[in-house]
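Subject: Structure for your review

Dear colleague,

Please find the structure below, handed over for your review. My findings are set out after it.

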There are 2 protein chains.
Amino acid sequence: MSLKLGLVGIGKIARDQHIPAIAADPRFSLVACASRNARVDGVANFADVATMLAEVSDLDAISICTPPQAHFDAALAALRAGKHVMLEKPPAATTREIALLQDEAARHGRTLFQTWHSRFAPAVSAARDWVRQATLTGGTIHWKEDVHQWHPGQQWLWDAGGLGVFDPGINALSILTEVLGAEAFVRQAVLEFPENQQAPIAARLDLRTEAGLVIDAEFDFRQKGEQVWDIELHGATGRLRLSRGGSALEIDGRLVVDRPAMEGEYAGLYARFAELCAAGRSEVDWRPFQLVADAFLIGERRTVAAHQV
Amino acid sequence: MSLKLGLVGIGKIARDQHIPAIAADPRFSLVACASRNARVDGVANFADVATMLAEVSDLDAISICTPPQAHFDAALAALRAGKHVMLEKPPAATTREIALLQDEAARHGRTLFQTWHSRFAPAVSAARDWVRQATLTGGTIHWKEDVHQWHPGQQWLWDAGGLGVFDPGINALSILTEVLGAEAFVRQAVLEFPENQQAPIAARLDLRTEAGLVIDAEFDFRQKGEQVWDIELHGATGRLRLSRGGSALEIDGRLVVDRPAMEGEYAGLYARFAELCAAGRSEVDWRPFQLVADAFLIGERRTVAAHQV
């Protein structure tokens, strides 16, 4: 029997990734959607999550892909109604909200799956395997994309709490924390805020590990021409380059994985969600989000040219 | 037998609070200090913590009261040298650093006591008792002091990572999280940054709990005249006012605790540290620090007049 699923937040990521992945997975049946403005054909549509939960009483689970500012209230309502919950990244508006949702899921005996889709990119597991046998000496992250191309008109990214360039940048941090095999923290940071916006358009992070490893990260939302989502890790006897957001992997200059960008990421997320629901377990890892909060906490703020969304 | 203690960071808080509290507690003997510039009479003095750890091999514990940017390296070195560690607030530069130190203490079987001195203020336990029998309906925090009076010349407060007005404000959050009996998170925030500094001089937080309780907090470092460190909590059948940083308590307008400010706070901290060392346990609660990081993460930033330290 498949899980009756409600999808909350019908925007670009819902249509590009969630709806096709759900349709392809026999363990889920999409039966309802909640969105202020959008409708999905062939399912029950509601203006908000509270109405959806009240009207479709046999829902088993909901998947939330609204902007992060709305995650907490939707997830809390769903968990209290006894539903399993999957959260798109970034997981919520604040790190405390995730801690509270984790407690709430445990209290109700329901699954909370706080997702990082980039961890399901095709080359990530091979990168992790390489790191396990390497002695790392350092690394760099370059995550540079054109926000006008990838996030047209998304003002929520630029409002207070919208994360700006950390919205893609957190994908890099989710991969790094997954493959590194050591705990990273932010030693220093510089954040560039457009003079007319509340979120940074670029950031540089000096990340460290307890063992003294240094990883420099550069995030930029103003990239023209080639778009770059690369993580390089240097070992004592070789080097790794994970590129195109985790879909390609070079080891010592040799291409060992080369797949289409985002291939299988959302299929992997929904497969994991089904497993977690069946096992009655949750999966929550807010370390990448903490790194972002810490960058805001200690980052030097610089004001740069205005940005038009 | 008393614990041989090293004190790291000899500034105003060390001389005003730590050294007298240690001298009055027979469970500790202050045998060494580490400070770049200052010396303490009657003990071995070192320029840095690494030298102190190397030269005074029979130290049992160290207490760290440097600016928070230096906590992590000092604590890590001490834990790795097998010492118990007590950390002054704010606990470190970032929330991830605390998580890592917690892991490190467990790995070495040593005590990590991450302190919040305001929780040891004379009226806090009575406030907690009142909250336990109350049905709360809301609350306010006013934490307003003159930075020139209380932190003269302390530029580290204003550098990136220095926390600004959250340095005192986190004391209010440490009391709130101790007495509230429910989990709070930051719903909205406004941070006011002087145009020439990297840390906020004032902040307003809209705090909520899962149960929908609203607590409004106002922090301000520009307060002239009466200095205010007040938490008010309203219940269905009464109200509480914790004032002067937790040293006075009114319930329904009646003064029930009235003690000198900070009385017993550091005596209480060192007594707890001795108990934790004896029991082989750690005490770490970074929720107040997470609330601050979350306020930086989602806070609307406003630029205000320059501030001269």
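The paragraphs that follow describe chain A, its contact with chain B, and some individual residues.

Please note that this is a predicted model.

Chain A as a whole

The secondary structure of chain A consists of nine helices and 15 strands. Its C-alpha trace extends over about 55 × 45 × 35 Å along the principal axes. The radius of gyration of chain A is 19 Å, which agrees with the value near 19 Å expected for a compact globule of 309 residues. Of these 309 residues, 61% count as buried. Among the contacts in chain A between residues at least 6 apart in sequence, 71% link residues at least 24 apart.

As to its surface, chain A exposes about 11,900 Å², and carbon and sulfur atoms supply 47% of that area. Chain A carries 31 positive and 39 negative charges, and the mean positions of the two sets are 2 Å apart.

The interface between the chains

In the contact between the two chains, 39 residues of chain A meet 39 residues of chain B. The area buried between chain A and chain B is about 3,400 Å², with carbon and sulfur atoms giving 52% of it. On the chain A side, Arg96(A), Glu210(A) and Leu297(A) lose the most area to chain B, and together they make up 24% of what that side buries.

Backbone features

A cis peptide bond runs from Lys89(A) to Pro90(A), with omega near -15 degrees. Pro90(A) is situated in the loop between β5 (84-87) and α4 (95-108) of chain A. In chain B, the peptide bond joining Lys89(B) and Pro90(B) is likewise cis, with omega about -15 degrees, and Pro90(B) lies in the loop between β5 (84-87) and α4 (95-108) of that chain.

Two residues of chain B other than glycine have a positive phi: Arg244(B), near 50 degrees, and Asp252(B), about 50 degrees. Asp252(B) belongs to the loop between β13 and β14 (254-258) of chain B.

The loop between β12 and β13 of chain B

Arg244(B) is found in this loop, as is Ser247(B). Arg244(B) counts as partly exposed because its relative accessibility is 35%. Ser247(B), by contrast, has 0% relative accessibility and therefore counts as buried. Leaving aside neighbours within four places in sequence, Ser247(B) is in contact with several residues, including Ala121(B), Pro122(B), Ala123(B), Asp258(B), Arg259(B) and Met262(B).

Yours sincerely

Conventions: Residues numbered from 1 in each chain as written. Chains lettered and ligands numbered in written order. Predicted model: local features only at pLDDT ≥ 70, side-chain atom pairs only at ≥ 80, totals over all residues. Heavy atoms only, no water. Helix = DSSP H or I, 4+ residues; strand = E, 2+ residues; numbered from the N terminus. Buried < 20%, exposed > 50% of the residue type's maximum accessible area, 1.4 Å probe, protein only. Contact = heavy atoms within 4.5 Å. Rg over C-alpha atoms; globule rule 2.2 N^0.38 Å. Areas by Shrake-Rupley, 256 points an atom, 1.4 Å probe, with all protein chains shown as cover. Lys, Arg positive; Asp, Glu negative; His and termini not counted. Charge placed at Lys NZ, Arg CZ, Asp CG, Glu CD. Buried area = accessible area lost by both parts, 1.4 Å probe.
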